[in-house]
Amino acid sequence: MKKNERRDLEFLEALRNDLSSAKRPRVDGLPEHNRDIIDELRLLTVKPQIIVLNSGEDPSTDIDKAVAEVTERFPESEAVVISAKIEQEIADLPEEDVQA
């Protein structure tokens, strides 16, 4: 086995171990060659994550606290807050109201 092949195999084994233990692979700081390998694999685990939080209609809900908890638990992800009820109402608007 050639030196480059051994290096690639070691990298892929480490990647497999991370994935097997439910760890997201770190891409930042990797040599370009290793990033190219990850790009070829097209792993969903290295794609950006967006976590959508439904703000609901209850004004007592502390959405800021929920966002803080999510971003602390999933620091690589981006949290987005929406109101699903309002989104549905917008989607149900007649076409002429949407244009206005």
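Reader: In which loop of the structure is serine 83 found?
Author: This is a predicted model, in which local features need pLDDT of at least 70 and side-chain atom pairs count only at pLDDT 80 or more, while totals for chains, interfaces and linings use all residues. Residues are numbered from 1 along each chain as its sequence is written, and side-chain values use heavy atoms, with hydrogens and water left out. Helices (DSSP runs of H or I, at least four residues) and strands (runs of E, at least two) are numbered from the N terminus, and on that basis serine 83 lies in the loop between β2 (78–82) and α4 (84–91).

Reader: Is serine 83 buried or exposed?
Author: With a 1.4 Å probe and protein chains only, a residue is buried under 20% relative accessible area, exposed over 50%, and partly exposed in between. Serine 83 has a relative accessible area of 12%, so the residue counts as buried.

Reader: Which residues does serine 83 contact, leaving aside its neighbours within four places in sequence?
Author: Contact here means heavy atoms within 4.5 Å. With those sequence neighbours left aside, the partners of serine 83 are Asn54, Ser55, Gly56 and Glu57.

Reader: Which two strands each supply at least two residues of the nonpolar patch?
Author: A patch is made of residues with over 30% relative accessible area and no salt bridge, like charges being joined within 9 Å and nonpolar side chains (Val, Leu, Ile, Met, Phe, Trp, Tyr) within 5 Å; the areas come from the Shrake-Rupley method with a 1.4 Å probe, and for residues only the protein chains shown count as cover. Ile50, Val52, Val80 and Ile82 make this patch of about 320 Å², and valine 80 is placed in strand β2. At least two residues each come from β1 (50–54) and β2.

Reader: What is the distance between the closest N and O atoms in the salt bridge of aspartate 8?
Author: A salt bridge requires a side-chain nitrogen of Lys or Arg within 4 Å of a carboxyl oxygen of Asp or Glu, and the structure holds 1 such pair. The partner of aspartate 8 is arginine 7, which is partly exposed at 39% relative accessibility. Between aspartate 8 and arginine 7, the closest N and O atoms are apart by 3.7 Å.

Reader: How far apart are the C-alpha atoms of aspartate 64 and arginine 42?
Author: Aspartate 64 belongs to helix α3 (residues 63–73) and is exposed, because its relative accessible area is 62%. Arginine 42 and aspartate 64 are 22 residues apart along the chain, and their C-alpha atoms are separated by 34 Å.
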